[in-house]
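Let us take a friendly walk through a protein chain together. Keep the sequence and the 3D view open while you read.

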Amino acid sequence: MSTIMEEARRGTTPMIKRIAEKEGVSEEFVRNGIASGRIVVPCNPKHNPEPAAIGEGMGVKVNVNLGTSRDLADICSELKKLDIAIKYGADAVMDLSTGGDIDRIRKTLIKKAPMMMGSVPIYQTGLTAARKDAIVNMTEDDIFDGIEKHAKDGMDFMTVHCGITKESVAWLKKSKRKTDVVSRGGSFLTAWILHNEEENPLYKNFDYLLELARKYEFALSLGDGFRPGCIDDASDQAQLSELMTLGHLVTRCREAGVQSMVEGPGHVPLDQVPMNIHLEKRLCHNAPFYVLGPLVTDIAPGYDHIVGAIGGAVAAQHGADFLCYLTPAEHLGLPDEEDVREGLIASKIAAHVGDLCFGRGREMDTKMAKARKALDWNTMFEVCIDPEKARRYRARGCTKEEDGCSMCGDVCAVKIVNKYLIKNGPNEDC
């Protein structure tokens, strides 16, 4: 059976037509992007979500992380978070559950998620091994069985930490990192390699992973297991050696007709964000870049959604394709429903800011500008990213709706100027 990438190499498909229409580009541009691997469309037929394209020339997409923990394993809460993700327009969700009945939670979420959905199978595999014995005693079969289980359930993309190798672990041991390995999946596999003195099964048996990806049609999100956990660790040898390995694996994915994207880079000072984006594009052959953050300072617990939006906007400006949201609860605890909303809105702002740099979405800002000039509040609310919050603030300060002034109730000076301009000369904007 042909994969999405192979079908694109043969010609235009209905999926390509739908994406081209949504993105406002030609079908040929989309087809060439998917065929070459510069654009990915994660879409497992078992789930069959609304197609969304990630990559070159496409609008910047935003992901929302969901999932239970050992202490908070309430599926009802996760479903409410999914409703928020749907309401505010998340392009993707990931299930990162580590507590409760993980299989049931995953199946429930994927059944209700209309957008593409991803997961990190090594989380469940490692934790299952830990309950039986120890994470370092999980077998190669355990690892691949976990991936296949998620694929059968319909996961559209999966994070797989294939770039952690015995060689990159050696670089890590020589480094002077302050935070070592902060990726959960990365730490599982690093510990496994050190304990067993064997090569990472995901790297050693990458061809088998490609077979599974072809069989079930899921995209590989090549995980950054050695992403920096603080800005002092950014852009070091461990991170970059993994990135170079991922670039090699991207080539193997494309040769096999398997869609892939690359994750990174974590905590990075703002001045290094453009360099990190350009390095990924250069070393990974313009593969779509799924950005975690970047977090551009380490001293803002409770506000990391803002920190991530700052880094995400700069990353998107320089070519990042997919932003993983951060919430105010990052580094502190599991987010609640309001945290999810705040985090998603912040990332959507960052994505839109990045899109504007490429001329995408400009019509929305123009529409807002015209509505503000006309004091057309209803249109302003329709255009803005969070209409409910905007309406709430407007209601809090409004004293005389018809005149548009929320400060003193007098006739708004903007209206007076507009009337003068209209009276004394043509002005199309008026």
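Is lysine 149 buried, partly exposed or exposed? Lysine 149 is partly exposed, with a relative accessible area of 35%. Here buried means under 20% relative accessible area, exposed means over 50%, and partly exposed lies in between, using a 1.4 Å probe and protein chains only.

A word on how to read the values. This is a predicted model, in which local features need pLDDT of at least 70 and side-chain atom pairs count only at pLDDT 80 or more, while totals for chains, interfaces and linings use all residues. Residues are numbered from 1 along each chain as its sequence is written, and side-chain values use heavy atoms, with hydrogens and water left out.

## Salt bridges

Lysine 149 forms a salt bridge with aspartate 103, the closest N and O atoms being 3.4 Å apart. Aspartate 103 lies in helix α5 and lysine 149 in helix α7 (residues 140–153), so this pair ties together parts that are 46 residues apart in sequence. A salt bridge is a side-chain nitrogen of Lys or Arg within 4 Å of a carboxyl oxygen of Asp or Glu. Helices (H or I, at least four residues) and strands (E, at least two) are DSSP runs, numbered from the N terminus.

Aspartate 103 also meets arginine 106 in a salt bridge, at 2.7 Å from N to O. Arginine 106 and aspartate 103 are three residues apart in helix α5 (residues 102–112), so about one helical turn separates them. Arginine 106 is buried, at 0% relative accessible area, whereas aspartate 103 is partly exposed at 23%.

Helix α3 has a pair of its own: the side chains of arginine 31 and glutamate 28 form a salt bridge. Arginine 31 and glutamate 28 are three residues apart in helix α3, about one turn of the helix. Arginine 31 is buried at 15% relative accessible area, and glutamate 28 is partly exposed at 40%.

The table sets these pairs side by side.

| Residues | Closest N to O |
|---|---|
| Arginine 31 and glutamate 28 | 3.0 Å |
| Arginine 106 and aspartate 103 | 2.7 Å |
| Aspartate 103 and lysine 149 | 3.4 Å |

How many salt bridges does the model have by this rule? The count comes to 24. Elsewhere, Glu338, Arg341, Glu342, Asp386 and Lys389 are linked in a network of salt bridges.

## Two helices and their cover

In helix α3 (residues 27–36), the buried residues include Val30, Gly33 and Ile34. Among the elements that cover them are α1 (4–10), α2 (14–23) and β1 (39–40), through contacts, meaning heavy atoms within 4.5 Å. After α3 comes glycine 37, with a positive phi near 95°.

Helix α15 (residues 337–356) has 20 residues and reaches 29 Å from its first C-alpha to its last, close to the 28 Å expected at 1.5 Å a residue. That expected span is 1.5 Å times one less than the number of residues. Buried residues of α15 include Val340, Leu344 and Ile345, and their cover includes β3 (61–66), α4 (75–87) and α18 (387–397).

## Cysteines

How many disulfides does a search of the whole structure find? The search finds zero, where a disulfide is a pair of cysteine sulfur atoms within 2.5 Å. The sulfur of cysteine 162 is 7.7 Å from the closest cysteine sulfur, in cysteine 253, so the two are too far apart for a bond. For cysteine 230, the closest cysteine sulfur is in cysteine 324, 19 Å away and again too far. Cysteine 162 is buried at 0% relative accessibility, and cysteine 230 is buried at 8%.

## Backbone details

Most residues other than glycine have a negative phi, and most peptide bonds are trans. Serine 235, although not a glycine, has a positive phi of about 60°. Serine 235 sits in the loop between β7 (219–222) and α12 (237–255) and is buried at 18% relative accessibility. Asparagine 286 also has a positive phi of about 60°; asparagine 286 lies in the loop between α13 and β9 and is partly exposed at 34%.

Where are the cis peptide bonds to proline 265 and proline 294? One runs from glycine 264 to proline 265, with omega near -10°, and proline 265 is in strand β8. Another runs from glycine 293 to proline 294, with omega near -10°, and proline 294 is in strand β9 (residues 289–295).
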